[in-house]
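I opened this entry to record what I looked up in one protein model. The notes go from the overall fold down to single residues.

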Amino acid sequence: MTDVPLPDDRWRGSHLGRLMGLALRRFDERVLSLMAHDANVPLALSHLAARAQVGAAHIHLTRHLGLQGSRLTELAQQAGMSKQAMGDLVTQCEAWGLVRREPDARDARARRIVFTDTGLLWLEAFRQAVAQAEGEFRAQVGDEVATVVALGLEAYGSELPGARAAVAAR
């Protein structure tokens, strides 16, 4: 063993990327918790959420699937996932009754993933849970700080593919 002093590595626990990651994980966990207790979420899905069988990847699908449906490649790109990983996720969500695959009217070779009626109930519960979690964030840090954080994250993330559409929808 050498007598070389170890470098100060406290920065690893407090840099901006780590803090944003922790905040995102907390936010998503809160949203899933709210959804697990939402009376409008079908019981089987509520149980999955309550038992932590629904995770961040499922939130990616919920966040990115268009109301008119999306192609698998679009979903994977927007979620920052591989096409194979998104395909596996869609298959799982299809088994749960959240989505279905149907022919793409614009391209007979392609398929679109669309929400089922159950999936639309899930999406509405997601919308309500996100609104409540955002409200809780605002209550904890104050309206001014929450607004600055939202504007800063919007500006910082707007360079990613697909981000401009998300910002425009806000």
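The entries below cover the fold, a pair of helices, a cavity and one aspartate.

**Entry 1: overall fold.** I am working from a predicted model. I looked up the secondary structure first and found eight helices and two strands. Along the sequence I read the order as α-α-α-α-α-β-β-α-α-α, so the two strands come after five helices and are followed by three more under the helix and strand definitions used here. I then checked burial: the protein has 170 residues, and 29% of them count as buried. For contacts with a separation of 6 or more, I noted that 52% join residues 24 or more positions apart.

**Entry 2: helix 4 and helix 5.** Two packed helices are described by the angle between their axes and the distance between the axes. I looked up both values for helix 4 (residues 72-79) and helix 5 (residues 83-95). Their axes come within 9 Å and cross at roughly 110°. Angles of 65 to 115 degrees count as roughly perpendicular, and helix 4 and helix 5 are therefore roughly perpendicular to each other. On the helix 4 side, I listed Leu-72, Thr-73, Leu-75, Ala-76 and Ala-79 as the residues making the contact. Helix 5 contributes Lys-83, Met-86, Gly-87 and Val-90. Sorted by class, the residues of this contact are six nonpolar, two polar and one charged.

**Entry 3: cavity.** How many cavities of 30 Å³ or more does the structure hold? I found one. The largest cavity contains about 30 Å³ of space. Its lining is made up of His-58, Leu-61, Thr-62, Cys-93, Leu-98, Phe-115 and Trp-122. I asked which element gives the most to this lining. The answer is helix 3 (residues 56-64), with three residues. By class, I wrote down five nonpolar and two polar residues for the lining, with no charged ones.

**Entry 4: Asp-104.** I looked up where Asp-104 sits and found this residue in strand 1 (residues 99-104). Is Asp-104 buried or exposed? The relative accessible area of Asp-104 is 4%. Buried means under 20%, so Asp-104 is buried. I then listed the contacts of Asp-104, leaving aside neighbours within four places in sequence. The partners are Arg-71, Ala-110, Arg-111 and Arg-112.

Note on methods:
Residues are numbered from 1 along each chain as its sequence is written. This is a predicted model: local features need pLDDT of at least 70, side-chain atom pairs count only at pLDDT 80 or more; totals for chains, interfaces and linings use all residues. Side-chain values use heavy atoms; hydrogens and water are left out. On a 1 Å grid over the protein atoms alone, a cavity is a set of points where a 1.4 Å probe fits but cannot get out, and a pocket is an open set with protein on both sides within 12 Å along at least five of seven lines; lining residues have an atom within 4 Å of a point. Grid points are joined across faces, edges and corners, and a volume is the space filled by probe spheres set on the points. Helices (H or I, at least four residues) and strands (E, at least two) are DSSP runs, numbered from the N terminus. Ala, Val, Leu, Ile, Met, Phe, Trp, Tyr, Cys and Pro count as nonpolar, Asp, Glu, Lys and Arg as charged, and the others, Gly among them, as polar. Axes are lines fitted to C-alpha atoms, for helices over the stretch in contact, and angles run from 0 to 180 degrees between N-to-C directions. Angles under 35 degrees count as roughly parallel, over 145 as roughly antiparallel, 65 to 115 as roughly perpendicular and the rest as oblique. Contact means heavy atoms within 4.5 Å. Buried means under 20% relative accessible area, exposed over 50%, partly exposed in between (1.4 Å probe, protein chains only).
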